[in-house]
Amino acid sequence: MSTGTDERRVAVVTGANRGLGLEIVRQLAGRGLRVVLASRSLARGEEAAGRLGEAAASVRVHPLDVADNASVAEFAGWLRDTYRRCDVLVNNAAVALDAEHEAVLADLDVVRRTLETNLLGAWRLTQAVVPAMRARRYGRIVNISSSVGRLTTMRMGVPAYRVSKSALNALTRIVADEVCDDGILVNACCPGRVRTDMGGPAATVPVEVAADTPVWLATLPPGGPTAGFFRDRAPADW
(Lines give C-alpha, C1' and ligand atoms only; values in the text may rest on other atoms or scores of the structure.)
Protein backbone atom coordinates (compact mmCIF):
# COMPACT_ATOMS: atom_id res chain seq x y z
CA MET A 1 0.00 0.00 0.00
CA SER A 2 1.40 3.40 -0.93
CA THR A 3 1.15 6.16 1.65
CA GLY A 4 2.46 8.89 -0.69
CA THR A 5 0.45 12.07 -0.26
CA ASP A 6 -2.46 10.21 1.31
CA GLU A 7 -3.76 12.56 4.01
CA ARG A 8 -6.40 10.27 5.45
CA ARG A 9 -6.20 9.94 9.20
CA VAL A 10 -4.26 7.04 10.67
CA ALA A 11 -5.62 4.86 13.46
CA VAL A 12 -3.74 2.29 15.52
CA VAL A 13 -5.66 -0.57 17.15
CA THR A 14 -3.77 -2.83 19.54
CA GLY A 15 -4.56 -6.49 20.15
CA ALA A 16 -6.38 -6.40 16.84
CA ASN A 17 -5.92 -9.82 15.28
CA ARG A 18 -9.22 -11.17 16.58
CA GLY A 19 -12.47 -10.41 18.36
CA LEU A 20 -13.29 -6.85 19.32
CA GLY A 21 -10.01 -5.39 18.09
CA LEU A 22 -10.45 -6.85 14.61
CA GLU A 23 -14.00 -5.55 14.40
CA ILE A 24 -12.85 -2.06 15.43
CA VAL A 25 -10.27 -2.23 12.64
CA ARG A 26 -12.98 -3.23 10.18
CA GLN A 27 -15.32 -0.42 11.17
CA LEU A 28 -12.65 2.29 11.23
CA ALA A 29 -11.41 1.25 7.78
CA GLY A 30 -15.02 1.37 6.61
CA ARG A 31 -15.16 4.98 7.79
CA GLY A 32 -12.26 5.91 5.55
CA LEU A 33 -9.34 5.79 7.98
CA ARG A 34 -6.03 4.10 7.32
CA VAL A 35 -5.73 1.53 10.08
CA VAL A 36 -2.74 -0.22 11.60
CA LEU A 37 -3.71 -3.66 12.84
CA ALA A 38 -1.25 -4.23 15.67
CA SER A 39 -0.79 -7.83 16.76
CA ARG A 40 1.79 -9.70 18.82
CA SER A 41 1.98 -12.28 16.03
CA LEU A 42 2.59 -10.93 12.55
CA ALA A 43 1.33 -14.16 10.98
CA ARG A 44 -1.93 -14.06 12.96
CA GLY A 45 -2.36 -10.39 12.17
CA GLU A 46 -1.93 -10.96 8.46
CA GLU A 47 -4.31 -13.91 8.55
CA ALA A 48 -6.89 -11.73 10.33
CA ALA A 49 -6.46 -8.90 7.82
CA GLY A 50 -7.16 -11.39 5.06
CA ARG A 51 -10.65 -11.84 6.49
CA LEU A 52 -11.53 -8.14 6.23
CA GLY A 53 -12.66 -8.18 2.62
CA GLU A 54 -12.67 -4.75 0.96
CA ALA A 55 -11.63 -3.07 4.22
CA ALA A 56 -8.24 -4.81 3.98
CA ALA A 57 -7.14 -2.28 1.33
CA SER A 58 -6.93 0.39 4.05
CA VAL A 59 -5.22 -1.82 6.65
CA ARG A 60 -1.55 -2.43 7.41
CA VAL A 61 -0.39 -5.12 9.83
CA HIS A 62 2.56 -4.62 12.16
CA PRO A 63 3.82 -6.70 15.09
CA LEU A 64 3.46 -5.16 18.54
CA ASP A 65 3.73 -6.51 22.06
CA VAL A 66 2.49 -3.70 24.28
CA ALA A 67 4.11 -5.31 27.32
CA ASP A 68 7.59 -5.05 25.79
CA ASN A 69 9.45 -1.74 25.77
CA ALA A 70 11.61 -2.65 22.78
CA SER A 71 8.60 -3.75 20.74
CA VAL A 72 6.78 -0.48 21.47
CA ALA A 73 9.87 1.56 20.55
CA GLU A 74 10.26 -0.31 17.25
CA PHE A 75 6.55 0.10 16.49
CA ALA A 76 6.65 3.83 17.23
CA GLY A 77 9.63 4.28 14.92
CA TRP A 78 7.94 2.33 12.13
CA LEU A 79 4.74 4.33 12.56
CA ARG A 80 6.65 7.61 12.37
CA ASP A 81 8.66 6.55 9.30
CA THR A 82 5.67 5.06 7.48
CA TYR A 83 2.92 7.60 8.13
CA ARG A 84 4.53 10.58 9.92
CA ARG A 85 1.35 10.85 11.94
CA CYS A 86 -1.00 9.08 14.30
CA ASP A 87 -4.50 10.46 14.72
CA VAL A 88 -6.29 7.72 16.62
CA LEU A 89 -5.16 5.18 19.21
CA VAL A 90 -7.45 2.43 20.44
CA ASN A 91 -5.85 0.67 23.41
CA ASN A 92 -7.62 -2.65 23.07
CA ALA A 93 -4.88 -5.17 23.94
CA ALA A 94 -5.64 -6.85 27.25
CA VAL A 95 -5.27 -10.08 29.18
CA ALA A 96 -7.50 -11.76 31.76
CA LEU A 97 -5.26 -14.12 33.70
CA ASP A 98 -6.87 -14.54 37.10
CA ALA A 99 -9.93 -16.53 38.08
CA GLU A 100 -12.39 -15.97 40.91
CA HIS A 101 -9.61 -15.56 43.45
CA GLU A 102 -9.64 -13.40 46.54
CA ALA A 103 -7.27 -10.45 46.44
CA VAL A 104 -5.79 -11.56 49.76
CA LEU A 105 -4.78 -14.87 48.15
CA ALA A 106 -3.90 -13.61 44.66
CA ASP A 107 -0.68 -14.59 42.93
CA LEU A 108 1.09 -11.25 42.65
CA ASP A 109 3.01 -12.44 39.62
CA VAL A 110 -0.35 -12.76 37.83
CA VAL A 111 -1.25 -9.27 39.03
CA ARG A 112 2.05 -7.93 37.73
CA ARG A 113 1.62 -9.55 34.32
CA THR A 114 -1.93 -8.25 34.08
CA LEU A 115 -0.91 -4.68 34.88
CA GLU A 116 2.00 -4.91 32.43
CA THR A 117 -0.41 -5.36 29.53
CA ASN A 118 -3.70 -3.79 30.61
CA LEU A 119 -2.30 -0.64 32.22
CA LEU A 120 1.35 -0.13 31.26
CA GLY A 121 0.78 -1.33 27.71
CA ALA A 122 -1.81 1.38 27.14
CA TRP A 123 0.43 3.88 28.93
CA ARG A 124 3.43 3.04 26.72
CA LEU A 125 1.45 3.46 23.50
CA THR A 126 -0.10 6.69 24.71
CA GLN A 127 3.34 8.13 25.43
CA ALA A 128 4.51 6.98 22.01
CA VAL A 129 1.76 8.66 19.96
CA VAL A 130 0.83 11.82 21.87
CA PRO A 131 3.74 13.87 20.42
CA ALA A 132 2.47 13.23 16.88
CA MET A 133 -1.08 14.12 17.92
CA ARG A 134 0.09 17.33 19.58
CA ALA A 135 2.03 18.29 16.47
CA ARG A 136 -1.18 18.22 14.42
CA ARG A 137 -3.40 19.42 17.27
CA TYR A 138 -5.71 16.48 16.72
CA GLY A 139 -6.04 13.13 18.41
CA ARG A 140 -8.48 10.56 19.72
CA ILE A 141 -7.41 8.05 22.36
CA VAL A 142 -9.84 5.30 23.33
CA ASN A 143 -9.08 2.98 26.23
CA ILE A 144 -11.08 -0.24 26.21
CA SER A 145 -11.98 -0.68 29.85
CA SER A 146 -14.65 -2.65 31.70
CA SER A 147 -17.51 -2.11 34.10
CA VAL A 148 -15.75 -4.45 36.55
CA GLY A 149 -13.22 -1.66 37.07
CA ARG A 150 -15.83 0.84 38.24
CA LEU A 151 -15.25 1.92 41.83
CA THR A 152 -18.96 2.65 42.32
CA THR A 153 -19.82 -1.04 41.90
CA MET A 154 -16.51 -2.68 42.87
CA ARG A 155 -16.79 -6.20 44.27
CA MET A 156 -14.65 -9.26 44.83
CA GLY A 157 -13.48 -11.59 42.04
CA VAL A 158 -10.84 -11.36 39.31
CA PRO A 159 -8.86 -8.83 41.38
CA ALA A 160 -5.94 -8.41 38.99
CA TYR A 161 -8.24 -7.68 36.08
CA ARG A 162 -10.44 -5.34 38.13
CA VAL A 163 -7.50 -3.35 39.47
CA SER A 164 -5.95 -3.07 36.00
CA LYS A 165 -9.14 -1.61 34.56
CA SER A 166 -9.63 0.78 37.49
CA ALA A 167 -6.09 2.01 36.93
CA LEU A 168 -6.73 2.36 33.19
CA ASN A 169 -9.74 4.51 34.00
CA ALA A 170 -7.57 6.72 36.22
CA LEU A 171 -4.99 7.02 33.44
CA THR A 172 -7.76 8.08 31.08
CA ARG A 173 -8.76 10.98 33.33
CA ILE A 174 -5.15 12.07 33.91
CA VAL A 175 -4.12 12.07 30.25
CA ALA A 176 -7.36 13.75 29.18
CA ASP A 177 -6.61 16.63 31.53
CA GLU A 178 -3.00 16.89 30.33
CA VAL A 179 -3.88 17.15 26.62
CA CYS A 180 -7.19 19.01 26.81
CA ASP A 181 -5.72 22.09 25.12
CA ASP A 182 -4.07 20.13 22.29
CA GLY A 183 -7.13 19.05 20.31
CA ILE A 184 -6.87 15.52 21.78
CA LEU A 185 -9.92 13.76 23.23
CA VAL A 186 -9.29 10.85 25.62
CA ASN A 187 -12.05 8.52 26.77
CA ALA A 188 -12.62 5.03 28.13
CA CYS A 189 -15.48 2.68 27.39
CA CYS A 190 -16.95 -0.63 28.42
CA PRO A 191 -17.97 -2.76 25.43
CA GLY A 192 -19.93 -5.18 27.62
CA ARG A 193 -19.33 -8.91 27.80
CA VAL A 194 -18.50 -9.53 24.17
CA ARG A 195 -18.89 -12.81 22.31
CA THR A 196 -15.16 -13.42 21.95
CA ASP A 197 -12.65 -15.89 23.36
CA MET A 198 -12.06 -13.58 26.33
CA GLY A 199 -15.79 -13.01 26.87
CA GLY A 200 -16.42 -16.73 27.29
CA PRO A 201 -19.60 -18.78 26.87
CA ALA A 202 -21.74 -16.42 28.99
CA ALA A 203 -21.07 -13.42 26.74
CA THR A 204 -24.14 -11.82 25.18
CA VAL A 205 -22.94 -8.78 23.19
CA PRO A 206 -22.27 -9.32 19.46
CA VAL A 207 -18.85 -8.04 18.43
CA GLU A 208 -20.37 -5.69 15.85
CA VAL A 209 -22.42 -4.00 18.58
CA ALA A 210 -19.53 -3.91 21.04
CA ALA A 211 -17.33 -2.07 18.54
CA ASP A 212 -19.83 0.74 18.00
CA THR A 213 -18.93 2.85 21.05
CA PRO A 214 -15.13 2.60 20.63
CA VAL A 215 -15.46 3.54 16.95
CA TRP A 216 -17.75 6.45 17.85
CA LEU A 217 -15.21 7.72 20.40
CA ALA A 218 -12.37 7.25 17.89
CA THR A 219 -14.14 9.49 15.36
CA LEU A 220 -15.59 12.19 17.61
CA PRO A 221 -15.82 15.66 16.06
CA PRO A 222 -13.93 18.61 17.56
CA GLY A 223 -15.53 19.66 20.82
CA GLY A 224 -16.68 16.13 21.58
CA PRO A 225 -16.59 14.67 25.09
CA THR A 226 -13.31 13.92 26.83
CA ALA A 227 -12.30 12.39 30.17
CA GLY A 228 -15.43 10.25 30.07
CA PHE A 229 -16.39 6.63 30.61
CA PHE A 230 -19.03 5.34 28.19
CA ARG A 231 -21.18 2.33 27.46
CA ASP A 232 -23.53 2.19 24.48
CA ARG A 233 -22.51 5.80 23.69
CA ALA A 234 -23.93 6.94 27.03
CA PRO A 235 -21.90 8.26 30.00
CA ALA A 236 -21.41 5.75 32.82
CA ASP A 237 -20.26 6.13 36.41
CA TRP A 238 -16.59 5.55 37.16
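**Helix packing and selected loop residues in the predicted model**

In helix H2, which spans residues 42–49, the buried positions are Gly45, Ala48 and Ala49. These residues cover an arc of only 100° around the axis and therefore lie on the same side of H2. The structure described here is a predicted model. An α-helix has 3.6 residues a turn, so residues three or four places apart point the same way. The face of H2 turned away from the buried side carries Ala43 and Arg44, both of which are exposed. On the buried side, the packing partners of H2 are helix H1 (19–30), strand S2 (34–39) and strand S3 (59–63).

Three helix pairs were examined further. Two packed helices are described by the angle between their axes and the distance between the axes. For helix H3 (residues 69–83) and helix H5 (residues 120–136), the axes come within 10 Å and cross at roughly 25°. H3 is therefore roughly parallel to H5. The crossing by which H3 passes H5 is right-handed. From H3, the contact draws on Asn69, Val72, Phe75, Ala76 and Leu79, and from H5 on Arg124, Leu125, Ala128 and Val129. By class, the residues of this contact between H3 and H5 comprise 7 nonpolar, 1 polar and 1 charged.

H5 also packs against helix H4 (residues 108–118), at an angle of about 25° and with the two axes 3 Å apart. H4 and H5 are therefore roughly parallel to each other. Leu115, Glu116, Thr117 and Asn118 of H4 meet Leu120, Gly121, Ala122 and Arg124 of H5 in this contact. The contact of H4 with H5 is made up of 3 nonpolar, 3 polar and 2 charged residues. Arg124 of H5 is listed in the contact with H4 and also in the contact with H3.

The third pair consists of H4 and helix H6 (residues 159–178), which pack at an angle of about 35° with their axes 9 Å apart. H4 and H6 form a right-handed crossing. On the H4 side, the contact involves Val110, Val111, Thr114, Leu115 and Asn118, while H6 supplies Ala160, Tyr161, Val163, Ser164, Lys165 and Leu168. The contact of H4 with H6 contains 7 nonpolar, 3 polar and 1 charged residues. Leu115 and Asn118 of H4 take part in the contact with H6 and are likewise found in the contact with H5.

Several loop residues were also considered. Asp68 is located in the loop between S3 and H3. Its relative accessibility is 32%, so Asp68 counts as partly exposed. Asp68 is separated from Arg136 by 68 residues in sequence and by 27 Å in space, C-alpha to C-alpha.

Leu220 occupies the loop between helix H8 (212–218) and strand S7 (228–231). With a relative accessible area of 4%, Leu220 is buried. When residues up to four places away in sequence are not counted, Leu220 touches Tyr138, Arg140, Leu185, Asn187 and Pro225. The C-alpha atoms of Leu220 and Leu37 are 20 Å apart in space, and the two residues are 183 residues apart in sequence.

The loop between strand S5 (139–144) and H6 contains Met154. Met154 has a relative accessible area of 33% and is partly exposed. The residues touched by Met154, not counting those up to four places away in sequence, are Val148, Gly149, Arg162 and Ser166. Between Met154 and Arg51 there is a separation of 103 residues in sequence and of 38 Å in space, C-alpha to C-alpha.

Val158 lies in the loop between S5 and H6, as does Met154. At 18% relative accessibility, under the 20% limit, Val158 counts as buried. Most residues other than glycine have a negative phi, and most peptide bonds are trans. The phi of Val158, by contrast, is positive, near 35°, although the residue is not a glycine. Arg84, another residue other than glycine, has a positive phi of about 60°. Arg84 is placed in the loop between H3 and strand S4 (88–91). Arg84 has a relative accessible area of 65%, over the 50% limit, and is therefore exposed.

Methods
Residues are numbered from 1 along each chain as its sequence is written. This is a predicted model: local features need pLDDT of at least 70, side-chain atom pairs count only at pLDDT 80 or more; totals for chains, interfaces and linings use all residues. Side-chain values use heavy atoms; hydrogens and water are left out. Buried means under 20% relative accessible area, exposed over 50%, partly exposed in between (1.4 Å probe, protein chains only). Helices (H or I, at least four residues) and strands (E, at least two) are DSSP runs, numbered from the N terminus. The arc is that of the directions from the helix axis to the C-beta atoms. Contact means heavy atoms within 4.5 Å. Axes are lines fitted to C-alpha atoms, for helices over the stretch in contact, and angles run from 0 to 180 degrees between N-to-C directions. Angles under 35 degrees count as roughly parallel, over 145 as roughly antiparallel, 65 to 115 as roughly perpendicular and the rest as oblique. A crossing is left-handed if the near helix is turned anticlockwise from the far one by less than a right angle, and right-handed if clockwise. Ala, Val, Leu, Ile, Met, Phe, Trp, Tyr, Cys and Pro count as nonpolar, Asp, Glu, Lys and Arg as charged, and the others, Gly among them, as polar.
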